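Welcome, and please open your viewer. We will go from stop to stop, selecting a few residues each time and looking at what is there.

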Amino acid sequence: MAKVTGIGGFFFRARDPQALAAWYEKHLGILDIAREVWKQEAGPTIFAPFEQDTDYFGRAEQQWLVNLRVDDLDGMMAELKAAGISVETRAEWDSEVGRFCRIHDPEGNPIELWQPSDHAGLA
């Protein structure tokens, strides 16, 4: 059977696409598609539908939540805070699969940052 081999893109609407692309590049290191295709490192990807009434995403009308893998969550959080970006952590978000924090881009979209645990068994 043919199967999907990975996520080929993540597309979403924005009020100011150029400014938002610049923000993602500056603060998260995701390259602007206008200049170069962002190449990800190999690693685990979770693809999971949630219950319609979940409050995990934040706003009730939010239909998606992007989760980005990071290699140094503490370092990333420090850099984001230094740039004036609000970072939220909750003890209940962390588990045997790793540690998490949440930020929002300038248009209010939630972004979950995840540092997988070395022994999570997700390799």
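The tour below goes from the sheet to the helices, then to single residues and a pocket.

**Before you start**

This is a predicted model, in which local features need pLDDT of at least 70 and side-chain atom pairs count only at pLDDT 80 or more, while totals for chains, interfaces and linings use all residues. Residues are numbered from 1 along each chain as its sequence is written, and side-chain values use heavy atoms, with hydrogens and water left out.

**Stop 1: the sheet**

Select residues 66-69 and 98-104: these are strands S1 and S2, the edge strands, and each pairs on one side only. Add residues 110-116 for strand S3. Together they make an open sheet of 3 strands in the order S1-S3-S2, with mixed pairing. Strands here are DSSP runs of E with at least two residues, helices are runs of H or I with at least four residues, and both are numbered from the N terminus. Two strands pair if DSSP finds at least two bridges between them.

From one strand to the next, the twist averages 25°. For such angles, axes are lines fitted to C-alpha atoms (for helices, over the stretch in contact), and values run from 0 to 180 degrees between N-to-C directions.

Now look at the pairing in detail. S2 and S3 run antiparallel and are joined by 7 bridges. Show Phe-100 with its bridge partner Trp-114 in S3, then Arg-102 with Glu-112, and Ile-103, which stands opposite Ile-111. On the other side, S1 and S3 pair in the parallel sense over 4 bridges; here Leu-68 has Leu-113 as its bridge partner in S3.

Follow the chain through the hairpin of S2 and S3, with 5 residues between the strands, and stop at Gly-108, whose phi is positive, near 90°.

How many residues of S3 are buried? The count is 5 of its 7 residues, so S3 is mostly covered, where buried means under 20% relative accessible area, exposed over 50%, and partly exposed in between (1.4 Å probe, protein chains only). S2 is mostly covered too, with 5 of its 7 residues buried.

**Stop 2: the helices**

Select residues 17-28 to see helix H1, which lies across S1, S2 and S3 and runs at about 25° to S3. Next select residues 73-82, helix H2, which packs on the sheet and touches S2 and S3, its direction making about 20° with that of S2.

Show the side chains of Leu-73, Met-76, Met-77 and Leu-80, which are among the buried residues of H2. The buried residues of H2 pack against H1, S2 and S3. After H2 comes Gly-84, with a positive phi near 85°.

**Stop 3: three buried residues**

Go back to helix H1 and pick His-27. Why does His-27 count as buried? Because its relative accessible area is 15%. Contact means heavy atoms within 4.5 Å. Leaving aside neighbours within four places in sequence, His-27 is in contact with Met-76, Leu-80, Ala-83 and Ile-85.

Leu-65 is in the loop between H1 and S1, and counts as buried at 18% relative accessibility. Not counting residues up to four places away in sequence, Leu-65 touches Tyr-56, Phe-57, Arg-102, Pro-110, Ile-111 and Glu-112. Try the distance tool from Leu-65 to Ala-19: they are 46 residues apart in sequence and 20 Å apart in space, C-alpha to C-alpha.

Ser-117 has its place in the segment after S3. It counts as buried because its relative accessibility is 19%. Beyond its neighbours within four places in sequence, Ser-117 is in contact with Glu-96, Val-97 and Gly-98.

**Stop 4: a pocket**

Finish with the second largest pocket, which holds about 170 Å³ of space. Of the 14 residues that line this pocket, those closest to its centre are Asp-55, Tyr-56, Phe-57, Gly-58 and Arg-102, so select these five to find the place. A pocket is defined on a 1 Å grid over the protein atoms alone, as an open set of points where a 1.4 Å probe fits, with protein on both sides within 12 Å along at least five of seven lines; lining residues have an atom within 4 Å of a point. Grid points are joined across faces, edges and corners, and the volume is the space filled by probe spheres set on the points.

Colour the lining by class to see 4 nonpolar, 4 polar and 6 charged residues. Ala, Val, Leu, Ile, Met, Phe, Trp, Tyr, Cys and Pro count as nonpolar, Asp, Glu, Lys and Arg as charged, and the others, Gly among them, as polar.
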